[in-house]
Amino acid sequence: LSHGSASMISGNVRLSASGFEHQEALGQAADRVLLDDSSGDDLFESVPEWSRMTMQGQVNTARGFGVVIAGASGGNDAAWLIGSTGSDTLNAGPQVATFHRPTSVVQTWNFESVHVRAVVGGYDVANIQDSTGTDWLDSTGQWSWLRSASYSLSAENFSSSTFQSLGGHDY
């Protein structure tokens with residue numbers, strides 16, 4: 001699903017749509033979906049039941065997919081990921097964040113800001129790496145924020161959070 005069009009292929013069947021303000025794709029646990037953004041400022045949201053890309057007058061929603069990949073390519077784009085009541089794992093860095101839930105995996109690429117919130121339930125783990133440049137880490141008991149001049153990554157309510165520096169000037 002991308003800005004202005006959608007295409008789905010299943011076996012020998014291909015379905016294409018364009019010009020709709022809202023497009024929705026229904027999948028199963030074995031399926032994957034790619035949600036692309038527009039050249040403007042866009043918002044990607046993902047909860048256990050659905051994932052949605054909102055952009056310049058259009059909304060693309062995916063429900064039931066086992067793997068959701070969201071790509072940002074222009075503008076100032078933000079991603080909000082919400083955990084499940086089970087045990088979730090976040091592996092993230094400046095360009096890619098992968099969030100494993102018990103029933104799905106969500107991956108974001110090239111978003112300027114990514115915000116991930118764990119919910120009460122299982123044992124949630126965050127593994128976060130910074131860039132090789134200058135990065136700042138702020139952290140309290142429930143909230144952590146890693147940022148540089150080009151990205152922002154926050155993790156909230158995780159049972160365990162580990163941060164790794166890849167070098168550069170880190171604060």
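**A tour of salt bridges, paired strands and two asparagines**

In this predicted model, 4 salt bridges are counted. Three of them serve as stops on this tour, together with the strands and loops around them.

**Stop one: Glu-24 and Arg-63.** Select these two residues and display their side chains, which meet in a salt bridge with an N to O distance of 2.6 Å. Glu-24 belongs to strand β3 (residues 22-26) and Arg-63 to strand β7 (residues 58-63), so the contact ties together parts of the chain that are 39 residues apart in sequence. Glu-24 has a relative accessibility of 40% and therefore counts as partly exposed. Arg-63, with a relative accessible area of 34%, is likewise partly exposed.

**Stop two: strand β5 and its partners.** Next, select residues 43-47, which make up strand β5, and residues 50-55, which make up strand β6; the two pair in the antiparallel sense over 5 bridges. They form a hairpin, with 2 residues between the strands. To see the register, pick Leu-43, which stands opposite Thr-54 in β6.

Now add residues 78-82, strand β9. In which sense does β9 pair with β5, parallel or antiparallel? The pairing is parallel and extends over 4 bridges. Here Glu-45 is the residue to pick, as it stands opposite Trp-80 in β9.

Keep Glu-45 selected and add Arg-52: their side chains meet in a salt bridge at 3.1 Å, N to O. Glu-45 is partly exposed at 22% relative accessibility, and Arg-52 is partly exposed at 25%.

**Stop three: Glu-156 and Arg-117.** Move on to this pair, whose side chains form a salt bridge at 3.4 Å, N to O. The contact links distant parts of the chain, with Glu-156 in strand β17 and Arg-117 in strand β13, 39 residues apart. Both ends can be inspected on a surface display: Glu-156 is partly exposed with a relative accessible area of 27%, and Arg-117 is partly exposed at 32%.

**Stop four: two loops.** From Arg-117 in β13, step back to Asn-110, found in the loop between β12 (105-109) and β13 (113-117). Most residues other than glycine have a negative phi. Asn-110, although not a glycine, has a positive phi of about 65°. At 40% relative accessibility, Asn-110 counts as partly exposed.

Finally, select Asn-157, in the loop between β17 (152-156) and β18 (160-164). What is the sign of phi at Asn-157? Phi is positive, about 70°, although Asn-157 is not a glycine. The residue is partly exposed, with a relative accessible area of 31%.

Key: Residues numbered from 1 in each chain as written. Predicted model: local features only at pLDDT ≥ 70, side-chain atom pairs only at ≥ 80, totals over all residues. Heavy atoms only, no water. Pairing = 2+ DSSP bridges. Buried < 20%, exposed > 50% of the residue type's maximum accessible area, 1.4 Å probe, protein only.
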